[in-house]
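Student: Could you take me through one part of this structure closely, strand by strand, and then show how helices pack in it?

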Amino acid sequence: MTSAPAPARATIAVQLRGITKRFPGVVANRDIDIAVRAGTVHAIVGENGAGKSTLMKILYGMQKPDEGSIEVDGRPVNFSSPADAIAAGIGMVHQHFMLADNLTVLENVVLGAEPGGFGRLDFRAARRRIMEISDSYGLDVQPDRLLEELGVGDRQRVEILKVLYRGARILILDEPTAVLVPQEVDELFGNLQELKSEGITILFISHKLDEVLAVADEITVVRRGTTVATVLPADVTARRLAELMVGGELPSPETRESTVRPEVVLDVRGLTVRAEEGRPVVDDVSLTIHAGEVLGVAGVEGNGQAELVDAIIGLRPATGTVRLGDRDLTDLNTRRRREAGIGFIPEDRQRQGLLLEAPLWENRILGHQSQRPNVTGPWIDRAGARADTERIVREYDVRTPGIDVAASALSGGNQQKLIVGREMSGDPVLLLAAHPTRGVDVGAQAQIWDALRTARAAGLAVLLISADLDELIGLSDTIEVILRGRMVGTADPRTVTPEELGSAMTGAGGTAEPAGPDRAGAPRHAAGTVAPADGAGSGRHAAGGGDAVPPDSGPGADPDLDTPLPGRQGPGLTGTGTTGTGDLANDPDVRGEERP
Amino acid sequence: MKRFDLERIGLGLAAPVLALIVAALLSSIALVISGNSPLHTFNAMLNYGTQPETVVQTINKATIYYLSGLAVAVGFRMNLFNIGVDGQYQIAAFFAAVVGGWLLLPGPLLIIVVVLVAVVVGALWAGIAAVLKVTRGVSEVISTIMLNVIGGGIVAYLLDPHRLGTIVGTQQVTTKPMPADAYLPGIPVKGGEIYGFVIVAIACGIAYWVLLGRTRFGFDLRATGLSETAAVASGVSVRKMVIRTMLISGGIAGLVGMPLLLGSSHAYAQDFPTGYGFSGIAIALLGRNNPIGIALGALLWSFLEQSAQILDLEGVPKEIVTIMQGVTVLSVVIAYELVRRFSLAQQQRRVGAELRASAATAGTGEGSPA
């Protein structure tokens, strides 16, 4: 946890001085100074878009810095391709694995660095090397298994092995935990300790502060493209790190006075979505949202939230009924549902929310192709659409030189503001907001929250999906917890803590780790993409392996747990027998038997 | 905004100019390698190509190519590759010719019926590929290529004296010729007659532009081409779009044979030309799926072909023109891609500058990397 006495403590493995990289229009990195000691885990943290990835691409030879110098093991280097970086002993484990599913582990590892010569492959030698590496670093890799049989954690170890096989002594891990479940994260951290003890230097890129605090020996914070501080984990709290990352006061998403009105806007009954193989991914979900109410859905990603939203907007076939006000939407397609007054902020804005190559004003039309002011009858109303795009740009503070630039030219936050502005247009009665502030900068986040609050006060019903628990708690009037496709409990955002929510989300009653040191009494904050900023108890770590290993019926399993009334007041998590934390039940299978 | 538009026009012109220069250079290299003088060859082509007779030929052929290019381009705009224009226009022209030969109607009315038959047959033939795609997931590339062969086979089978064909004059098997009052009159100019159907081709170009740029349907079509996932999330039914677009593409393809049928051959004989559908693919690429671009592409394609007729007399193999055509398409595709990237970078730079400016005034900067 603290800086281990590494064998070569004094030697610097990587020294970056004054690295500056400019892209058209933006400075991605400026005056980056980092010294990474050999045989340590050095974390680089920063928000999405802070410049971490660019920095790593420079270090891995994928991009050349405009200014500055790089030294590896005391020697100045000048990389013009990843091959140069590999030759200097630097290896990169990408966030998205670069492996071939239909090859074995052995074949994947040697691919591109095949042993032997004269067209002959010396698999025997390769296998020996792989086993050597696997044993000496405790990677536990089986060379003859097909990659498609392996889980995500195993694949990541293959990636690491692949890099070590090529002789790397310095490993760059780019957001390695993004794809892992909590248990695998712990295994990965174990592997990293092993690697470190064998003298490997690790650069660990992340924006998950609790993980960084757990694994790093030193932490460098990157903000707006430059290094703002290098700290020891023992000297900082997650909160302090978050502040360093965002540079000042953390904004708050909180909305407190209730604007919930009696009329029901969305009424979903018995909604079930099945995966292709027939397994239900959304299982008999019923929910109600009133005018002026924000219903937050909390859940570890992949528990059916995305499918739930898709089913409500009509992108996925489902059984059950969906009513909007007094209209039955069940048999309507996506366009008719949008026309009925549903705004939709999709999870993946670049894939689902925008036409990246089209100008902003055409993106204004997207999703509203049949509504004024974009069209009159079958005709596109260019003047109307353009004028309304100007309005969105103005009202939602989209930073752009004009409405004729392509959407891809905007930064993520401004793209999202455009989407939010568009979906709020035409007076929707219901907004489906999936991760509305994911990956956007803090300023844009505050603006998006403001927009949601204003619309809510005006009577908009909102279904909010978010992985940011602080955002969920801060914006929602009611929180429903989803686990393996089922709604397993209701929480009152006024009293619930992220820790309680985190353990409810995993169904792991009582297994949440103790709250962070500065947790008690601290006001709630959200730090943009810093998600669990408030200590190790929230977010990913709170999961405590619950998703991977479902515990048996939790101690607090309550047979009376049923779909509670939205907006119902009560302490903490309703549906728990007690008011304590983490007692929410648990295994949905157990609960299933108790259902009528 | 004005400056922006000017720059956009400048960039728009840069690509074709760049492409043509590169294409001319590469063609010259090919000529030199084959032992011919590039200057002499180009000169001969230019001289012959600007003769009034050649110009008329060029325009007539370009009319055919233009329709073929439009048919392909409609599909391209939504990432649908209709490789089957070739088969679609042949089978459409065949059935249109059969109807034109058998139906007893006054001339102008017959012309309209013949054209409608061609559109419907072309659309139906393309529709087979569309239905296969949306119901069975068959790639339209594969199915349209196969339908080309099947279509050719059906025409060959039916074009038989015992079936829908007759023997006229020599041993030529053909459909029953259309009556003389159903000949579409040409436009007389110096050097010959331009197909009257050129008017229809121009109208198709305008309709294409209006449909894609100004209608909801066109927006849905382009949105599907730019990002299918975004289009689906916006409420577009991709299945319906595939069917409709394929029908439109096939319908236009049905017109490809009409200038010839109505303007000069008046019957579908065994020597009815093939291959215009494939030229259409190259021309749609040349014209960047833009109605004016396709027109210029069709004219260039046709000009190269017609002016090459002189080359044999000059001792230069006229196959060299095939190289020129290929090189031109490649250069255009590459040049446009380069210009597209450049203009995107330019836009990002401008957005960045805007952000810096507002950051300076508001004091809240934003430095997200590209």
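**A sheet in chain A and a helix pair in chain B**

Tutor: In this predicted model, a useful place to begin is Leu324(A), which stands opposite Arg327(A) in β15(A). Leu324(A) faces that residue across a pairing in which strand β14 of chain A, residues 319-324, is joined to β15(A) by 2 bridges, the two strands running antiparallel. This pairing belongs to an open sheet of 4 strands in chain A, whose order is β12-β11-β14-β15 and whose pairing is antiparallel. Because β12 (280-290) and β15 (327-328) of chain A each have a single partner strand, they stand at the edges of the sheet, and one side of each is left without a neighbour there. Helix α9 of chain A, residues 305-313, packs on this sheet and touches β11 (264-274), β12 and β14 of chain A, while its direction makes about 65 degrees with that of β12(A).

For helix against helix, we can turn to chain B, where helix α4 (residues 85-102) and helix α10 (residues 238-255) pack at an angle of about 55 degrees, with their axes 7 Å apart. An angle counts as roughly perpendicular only from 65 to 115 degrees and as roughly parallel under 35, and α4(B) and α10(B) are therefore oblique to each other. Their crossing is right-handed. On the side of α4(B), the contact is made by Val85(B), Gln88(B), Tyr89(B) and Ala92(B), and on the side of α10(B) by Gly250(B), Ala253(B) and Gly254(B). Sorted by class, the contact between α4(B) and α10(B) has 4 nonpolar and 3 polar residues, with no charged ones.

Notes: Residues numbered from 1 in each chain as written. Chains lettered and ligands numbered in written order. Predicted model: local features only at pLDDT ≥ 70, side-chain atom pairs only at ≥ 80, totals over all residues. Pairing = 2+ DSSP bridges. Contact = placed C-beta atoms within 7 Å. Axes fitted to C-alpha atoms, helices over the stretch in contact; angles between N-to-C directions. Parallel < 35°, antiparallel > 145°, perpendicular 65-115°, else oblique. Left-handed = near helix turned anticlockwise from the far one by under 90°. Nonpolar A, V, L, I, M, F, W, Y, C, P; charged D, E, K, R; others polar.
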